[in-house]
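Colleague: I am new to this structure and would like to learn how to read its features one at a time. Could we go through them together?

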Amino acid sequence: YLNALSTGSNTFTPSFFISDASVSFSSASVTVPAGGSATVTATIYPPSGPNGGLYGGYITFTPVGGQVYRVPFAGYIGDYQSKQVLTPTVNGFPWLARLAGASFVKLSGGEPFTMTGNDIPFFLVHLDHQSEKFRMEIFQAGNNKAWHRVYDEEFFPRNSAASSFFAFPFDGITFAGNKVYTLPNGEYYAVISVLKANGDSGNPAHWESWTSPTFKIARP
């Protein structure tokens with residue numbers, strides 16, 4: 001076998017390391033009859049680091065007097081579910097925000113929105129890694145009444161840069177199945193939930209969530 005380089009855990013500024021992954025085989029050699037087949041078990045042992053990085057290499061098959069074949073392998077170093085998706089970056093995301101001209105202003109909570117034009121709440125999120133599900137739900141402040149979902153996306157991409165973000169607008173409308181709801185005036189908050197890549201939706205440890213500050217729907 002031949003190791004390739006391992007990469008570091010930072011998505012946006014990758015680093016490279018010499019891999020010490022190893023491979024063991026159930027047999028050093030096999031004899032394959034004409035028109036037949038044979039089985040060899042290859043066990044791959046990941047490198048010692050870096051934690052959260054990627055590694056790979058090639059398993060080489062060298063026939064006697066024949067063409068050499070190489071089979072690539074690759075893997076993740078550590079627990080894939082420990083990879084954080086909702087990360088704050090230097091700006092401290094996620095945010096509840098208002099659009100002011102061409103810029104977003106971070107809000108502390110309780111601000112009213114007329115829900116006309118761009119006077120609606122925006123939710124700014126940085127995703128450091130791809131996610132299996134991205135979901136946003138709305139709840140009424142005070143009694144925590146569920147007002148269903150605003151977003152329910154599958155296989156959502158990550159952001160393209162370490163400081164970039166997605167801006168999710170909320171126009172006051174939610175859905176549950178085929179039903180659509182227009183929220184009445186009142187005070188609400190959002191809960192954003194992310195299921196990590198290759199996560200088990202039934203395992204709470206595979207989800208990340210954030211609860212927004214409250215905001216008011218105050219249509220004139």
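Modeller: Let us begin with a term: strands are DSSP runs of E with at least two residues, numbered from the N terminus. Please also keep in mind that this is a predicted model.

Colleague: Which strand gives the most to the lining of the largest pocket?

Modeller: The general idea is that rolling a probe the size of a water molecule over the atoms shows where empty space is left. In this model the largest pocket holds about 420 Å³ of space, and 13 residues line the largest pocket, with Ser29, Val30, Phe61, Thr62 and Pro63 the closest to its centre. Strand β6, which covers residues 54-61, gives the most to that lining, with 3 residues.

Colleague: How many nonpolar, polar and charged residues does the lining of the largest pocket have?

Modeller: That lining has 9 nonpolar and 4 polar residues, and no charged residues. The second largest pocket has a volume of about 180 Å³, and among the 13 residues that line it, those closest to its centre are Gly8, Ser9, Thr11, Leu54 and Lys83. Its lining, sorted by class, has 4 nonpolar, 8 polar and 1 charged residues.

Colleague: Turning to the surface, which residues form a nonpolar patch there?

Modeller: The patch is formed by Leu5, Phe16 and Ile18, which together have about 390 Å² of accessible area. Ile18 belongs to strand β3, residues 16-18, and Ile18 counts as exposed because its relative accessible area is 78%, where exposed means over 50%.

Colleague: What should I look for in the backbone?

Modeller: As a general guide, most residues other than glycine have a negative phi, and most peptide bonds are trans. Here the peptide bond from Gly49 to Pro50 is cis, with omega near 5°, and Pro50 has its place in the loop between β5 (42-45) and β6. A cis peptide bond also joins Phe93 and Pro94, with omega about 5°, and Pro94 is in the loop between β7 (69-76) and β8 (95-100).

Colleague: And what is phi of Asn144 near, and of Asn198?

Modeller: For Asn144, phi is near 60°, a positive value in a residue other than glycine; Asn144 is in the loop between β12 (131-140) and β13 (146-156), and counts as partly exposed at 47% relative accessibility. For Asn198, phi is near 65°, also positive; Asn198 is in the loop between β17 (186-196) and β18 (207-211), and counts as exposed at 62% relative accessibility.

Notes. Residues numbered from 1 in each chain as written. Predicted model: local features only at pLDDT ≥ 70, side-chain atom pairs only at ≥ 80, totals over all residues. Heavy atoms only, no water. 1 Å grid on protein atoms, 1.4 Å probe; cavity = no way out; pocket = protein on both sides within 12 Å on 5 of 7 lines; lining within 4 Å. Points joined across faces, edges and corners; volume = space filled by probe spheres on them. Helix = DSSP H or I, 4+ residues; strand = E, 2+ residues; numbered from the N terminus. Nonpolar A, V, L, I, M, F, W, Y, C, P; charged D, E, K, R; others polar. Patch = residues over 30% accessible without salt bridge, like charges linked within 9 Å, V, L, I, M, F, W, Y side chains within 5 Å. Areas by Shrake-Rupley, 256 points an atom, 1.4 Å probe, with all protein chains shown as cover. Salt bridge = Lys/Arg side-chain N within 4 Å of Asp/Glu carboxyl O. Buried < 20%, exposed > 50% of the residue type's maximum accessible area, 1.4 Å probe, protein only.
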